[in-house]
Amino acid sequence: MSIRSCMDALTPREIVEELDKYIVGQHDAKRAVAIALRNRWRRQQLAPDLRDEIAPKNIIMIGPTGVGKTEIARRLAALAHSPFLKVEASKFTEVGYVGRDVESMIRDLVELAKSMVQQEAIETVKARAAEQAEERLLDLLLPPSPSQASEGYAALDDLGQQHYQTTREKFRQYLYEGKLDERFVELEVESRSFPMIEVISGSGMEDMDINIKDMLGNMFPKQSKRRKAKVPEALKLLTQEESQKLIDMENVAQEAIERVEQSGIIFLDEIDKIAGREGVAGPDVSREGVQRDLLPIVEGSTVNTKSGMVKTDHILFIAAGAFHVSKPSDLIPEMQGRFPIRVELQALEKGDFVRILSEPQNALLKQYKALLETEGIELTFEDDAIDEVATIAERVNQQTENIGARRLYTILERLVDDISFNAPEMTGKQVVIDRAYVQARLNDIVQSQDLSHYIL
């Protein structure tokens, strides 16, 4: 799927409306990413000579943890069907130090894109692969005689061929009806195991430009081993094998690279952790080094991956950080210039928590209700209970570390702890959670400063 077809129907307003379904508030940030996404579509409409000159407008999101920075970027990528990678800038180190080099994020993004494209390709050949796998499975269930296998059906007379085909169709019907599900078959599956290569590749060298495991692995012929499996598992294995045969992995790799180059999104979290201040000695030297290593990738360079060379000129970078201690102007000037759009996300308040609990399509309360429905329990949250949970979340965030909406996960887990544990014995019951229940479960913890630090 091309970037053009993904976004033809999405205007900036529609993008914001889609984000509103999952993320509460933060309208300025949603507007910024919606414009950035639409600009990609606009760029595709231009003549090639001008199209290549237009660079993406990278974004810095400024705000405390748990207010929706990552979720906005992730949902944006899902809307655009774009390869998306979240990395923490603090995990990178300057070249020459121990740690990951910055180019590894491009290689990781390409692998994600390959998985996306491969899965899409598998869907297109799914029906054909299933047919071929079914025929192979029938061959295992009803193998032809040696003479038939070598000479074909012509070795049989007309009556023999008719009998064989009739029996085969009976087996096919049994397969559809599930009558063969408990039967075992023996099949060959591919197996390539090179312990020495695994040791080399797993020794902290995963970020080398050329993947050693692939390079050496291709020097050896494919091996196969025989294994027994029940018919449903065997059919699944054979379908996967047939799907791989029908897919051209070279085309997959080329499509993945094109998708990364034209629509890839990298979310650089904790960018404030590498914002060194001028004139400060010590670890800031390494932080500035990381920025200088990141700069060519963000500006536009070519990175060598095992699938081919990847240009980063049009990858959209969304950086994010709390900037409690540092500020965006503490980044080196060149880095600041590559992130022209700055948006500040607001800290969450009680009203936001109330909405987060109940409004989004993936709201937390909807998740808990669905989970307990699997045990036959009807869970109901009264409005006053939701209000009390939001009040407690705001209070605990003020008293301890402010972790935004993530605080709700901790509080709700504590709230429904007994119900979740006893659920198998409560099948068929209706459980109503009101303000009194919330207070009974949580007030003692909230009122104890020391206890709330540990438990909530």
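**Helix packing and cores in a predicted model**

Let me start with one pair of helices: α3 and α5 are roughly parallel to each other, a term that applies to angles under 35 degrees, whereas angles over 145 count as roughly antiparallel, 65 to 115 as roughly perpendicular and the rest as oblique. This is a predicted model, in which local features need pLDDT of at least 70 and side-chain atom pairs count only at pLDDT 80 or more, while totals for chains, interfaces and linings use all residues. Residues are numbered from 1 along each chain as its sequence is written, and side-chain values use heavy atoms, with hydrogens and water left out.

Two packed helices are described by the angle between their axes and the distance between the axes. For helix α3 (residues 27-44) and helix α5 (residues 69-80), the axes come within 11 Å and cross at roughly 30 degrees; axes here are lines fitted to C-alpha atoms, for helices over the stretch in contact, with angles running from 0 to 180 degrees between N-to-C directions. The crossing of α3 and α5 is right-handed, meaning that the near helix is turned clockwise from the far one by less than a right angle, with anticlockwise giving left-handed. On the α3 side the contact (heavy atoms within 4.5 Å) involves Ala-29, Lys-30, Val-33 and Leu-37, and on the α5 side Ile-72, Leu-76 and Ala-80. By class, six of these residues are nonpolar, none is polar and one is charged; Ala, Val, Leu, Ile, Met, Phe, Trp, Tyr, Cys and Pro count as nonpolar, Asp, Glu, Lys and Arg as charged, and the others, Gly among them, as polar.

Two loop residues beside these helices deserve a comment on backbone geometry. Most residues other than glycine have a negative phi. Gln-26, in the loop between α2 (12-20) and α3, has a positive phi of about 55 degrees although it is not a glycine. His-81, in the loop between α5 and β2 (84-88), likewise is not a glycine and has a positive phi of about 55 degrees. Is each of them buried or exposed, or something in between? Gln-26 counts as buried because its relative accessibility is 10%, whereas His-81 is partly exposed, with a relative accessible area of 39%; buried means under 20% relative accessible area, exposed over 50%, and partly exposed in between, with a 1.4 Å probe and protein chains only.

The second pair is helix α16 (residues 350-358) and α18, whose axes come within 8 Å and cross at roughly 130 degrees. That angle makes α16 oblique to α18, and the crossing is again right-handed. Among the residues making the contact are Phe-353 and Leu-357 of α16, and Ile-386, Val-389 and Ala-393 of α18. The residues of this contact divide into seven nonpolar, two polar and three charged.

Turning to the interior, the largest nonpolar core has 63 residues, and those with the most contacts inside it are Met-61, Ile-318, Phe-381, Leu-412, Leu-415 and Ile-433. Its largest share, seven residues, comes from helix α18 (residues 383-399). Such a core is a set of buried Ala, Val, Leu, Ile, Met, Phe, Trp, Tyr and Cys residues joined through side-chain atoms within 4.5 Å. Leaving aside its neighbours within four places in sequence, Ile-433 is in contact with residues including Phe-381, Ala-385 and Leu-415. A second, separate core of 41 residues includes Ala-113, Ile-271, Ile-297 and Leu-331.

Finally, the whole chain: buried residues make up 42% of its 456 residues.

Technical notes
Helix = DSSP H or I, 4+ residues; strand = E, 2+ residues; numbered from the N terminus.
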